[in-house]
Amino acid sequence: MTLVVAGAAAVYTLRIADDCLVLSHRLAQWSSWAPALEDDLALTNIALDLLGQARGMYARIAELDGTGRSEDDYAFLRGERAFVNCQLVEHENGDFATTMVRQLLCSTYQLAQWQALTASTDEQVAAVATKAVKETAYHRDLATDWTLRLGDGTDESHRRMEHALAALWPFTAELFESDAVTREVAALGVGPDPGDLRPEWDAYITRVLGDATLPAPEVSWRPTGGRQGLHTEAFGYMLAEMQHVHRSFPGVTW
Amino acid sequence: MRSSGQIDQGGAEGVPTGSPAAADPVADPREADFQALIDADQRIEPRDWMPDGYRKTLIRQIAQHAHSEIIGMQPEGNWITRAPSLRRKAILMAKVQDEAGHGLYLYCAAETLGVDRAELIDLLHQGRQKYSSIFNYPTLTWADVGAIGWLVDGAAITNQIPLCRCSFGPYARAMVRVCKEESFHQRQGFESLYTLSHGSPEQHEMAQDAVNRWWWPSIEMLGPPDTDSTHSAQSTAWGIKRFSNDALRQRFVDMVAPQAVVLGLTPPDPELRWNEQRGHYDFGEPDFEELRRVVGGDGPCNRQRAAHHLKAHEDGAWVREASAAYAAKHAATTAAA
């Protein structure tokens, strides 16, 4: 494992950056595969926003951990075990229902997180957050609209949404886990403790699923480990594809 | 076997040379006013009267242009997940997204002529409308993304700038915006190739290899030679086509030949040289037989591109149905309220 980041603030920021990068990559995989042109545009739009958010955060991490590394070092030269994104964002796209459920669950979380981060004591993080709030509000709106349409559309779309929710819901528990890192940054005023984002997330998701005639699944399984670099098998394939050109030509400029 | 005149391949991004329907044997009295507008360099708008042949020619040309933008997302999108830096990844995603936007814009322009997008997409799936042959070539390395930006977008711009003055208003206006973005893409492609060419020996080799493969297909993008382009006259009279394929081809070569020198890359044409007397570059004879084969369906990726688009469309059917069902349900609720 290379390129480990030191310091609670840097680790915390890296988690947010990795969430954005990985989700962006997954959404970008939809390019030219969406149900309609408008959806293709919307999905790559979100992917671009998330990529911009990740880049803003990587730039800050390089300063926080004092290494002056580049954004590409973080994205392309870390192995699976050094990524600290949650497992939800790395979940494979599946069908359009799976992608939209994942987007609703993620964007609702990210919006609450960015809103809290606008008050961060880290001015650079707060600046990224201020822009990200506007972008993420649109991501959540789009995912909400699709959840309503697909949940309350046809029998088939409803069934697909139920399957998607059942598959993804267990991965949401990890979003709200607290640990030594989150407690330290919360104490420093750098960012919210994830547990504090839960009530707002619960309220919003419950309302949207209700309007979409979709029952929230009840699950006992709560996979976790992303924040410690433990990922799903699918993630390794994603990284292999994403990193291979960069790693095939060490040290060059692109 | 299609005759060369039937190849709808007049231009970059699939803009055909135009092959209008046979002229109406009974002249419509409104035709004189229509032609007078065009001759005065005025725009024809969707509600204006227009001959059937003009309408049909435009529908097909705009649709093929739109299809080219959409199919063109595939070869470049092929590298989004492998782009070697975050900056290049963002640029490429934005570019492919621009193409989707151009497609949408052009389908809307076609719709002003009384067709709808779903109809045009069906024609694409049935193979009854085509898209630019260039997108039937594979993108094999990262350098292909730069080469497409430089050469393919360069040829597209050469072809499309005159279309900004096309007689049909919605198409001309769409082209103004499309050309601005394409011109930006071409500069990005050039800059990407420049970086590779002036990078490591392996990067330089990758860039040269990409130019070797994309050079001739890009030149062929400007369409069959004028001697084979039998329907240009009517399109020219209608103010749709302003320059011949060969004139545009010369303009394109004159633009990219000196750029290749700056890039430090060698075009795969031993006959390419400046001709002082003509004030233009001389260049070799493109392989129009190959163009004919690729347009006819036997390029390296014709089947793959068509199957990809059809699969995306079919996989999305349940989503479109759900949208329609939801809208109908809620329209009913609103009406009942």
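Me: At what angle do α1(A) and α2(A) pack, and what makes that pair roughly antiparallel?

Reply: This is a predicted model, by the way. In it, α1(A) and α2(A) pack at about 155°, with axes 8 Å apart. Anything over 145 degrees counts as roughly antiparallel, so α1(A) gets that label against α2(A). The crossing of the two is left-handed.

Me: What classes of residue make up the contact of α1(A) with α2(A)?

Reply: There are 20 nonpolar, three polar and one charged residues in the contact of α1(A) with α2(A).

Me: Why are α1(A) and α10(A) called roughly perpendicular?

Reply: Look at the angle again. Helix α1 (residues 8-28) of chain A and helix α10 (residues 233-248) of chain A cross at roughly 80°, and their axes come within 12 Å. The window for roughly perpendicular is 65 to 115 degrees, so α1(A) and α10(A) qualify.

Me: Which residues do α1(A) and α10(A) bring to that contact?

Reply: L21(A), V22(A), H25(A) and R26(A) come from α1(A), while α10(A) brings A234(A), F235(A), M238(A) and M242(A). Sorted by class, that's six nonpolar, one polar and one charged.

Me: Over in chain B, what makes α2(B) roughly antiparallel to α3(B)?

Reply: The axes of helix α2 (residues 52-77) of chain B and helix α3 (residues 86-111) of chain B cross at roughly 165° and come within 8 Å. That value is over 145 degrees, so α2(B) runs roughly antiparallel to α3(B). Among the residues in contact are I62(B), H65(B) and M73(B) of α2(B), along with L92(B), V96(B) and L106(B) of α3(B). By class, the contact has 11 nonpolar, six polar and four charged residues. The crossing of α2(B) and α3(B) is left-handed.

Me: How do you know that E38(A) and R117(B) form a salt bridge?

Reply: Check the distance. The closest N and O atoms of E38(A) and R117(B) are 2.4 Å apart, and the cut-off for a salt bridge is 4 Å. E38(A) sits in helix α2 (residues 37-64) of chain A and R117(B) in helix α4 (residues 117-125) of chain B, so the pair joins two chains.

Me: What makes D152(A) and K329(B) a salt bridge?

Reply: The N to O distance for D152(A) and K329(B) is 3.1 Å, and within 4 Å is what the rule asks for. The rule finds two salt bridges across the interface of chain A and chain B, and 29 over all chains.

Me: What is known about the area buried between chain A and chain B?

Reply: About 4,000 Å² is buried between chain A and chain B, with carbon and sulfur atoms giving 69% of it. W33(A), L37(A) and W254(A) lose the most area in chain A, together 19% of what that side buries. The contact takes 47 residues from chain A and 46 residues from chain B.

Terms used:
Residues numbered from 1 in each chain as written. Chains lettered and ligands numbered in written order. Predicted model: local features only at pLDDT ≥ 70, side-chain atom pairs only at ≥ 80, totals over all residues. Heavy atoms only, no water. Axes fitted to C-alpha atoms, helices over the stretch in contact; angles between N-to-C directions. Helix = DSSP H or I, 4+ residues; strand = E, 2+ residues; numbered from the N terminus. Parallel < 35°, antiparallel > 145°, perpendicular 65-115°, else oblique. Left-handed = near helix turned anticlockwise from the far one by under 90°. Contact = heavy atoms within 4.5 Å. Nonpolar A, V, L, I, M, F, W, Y, C, P; charged D, E, K, R; others polar. Buried area = accessible area lost by both parts, 1.4 Å probe. Salt bridge = Lys/Arg side-chain N within 4 Å of Asp/Glu carboxyl O.
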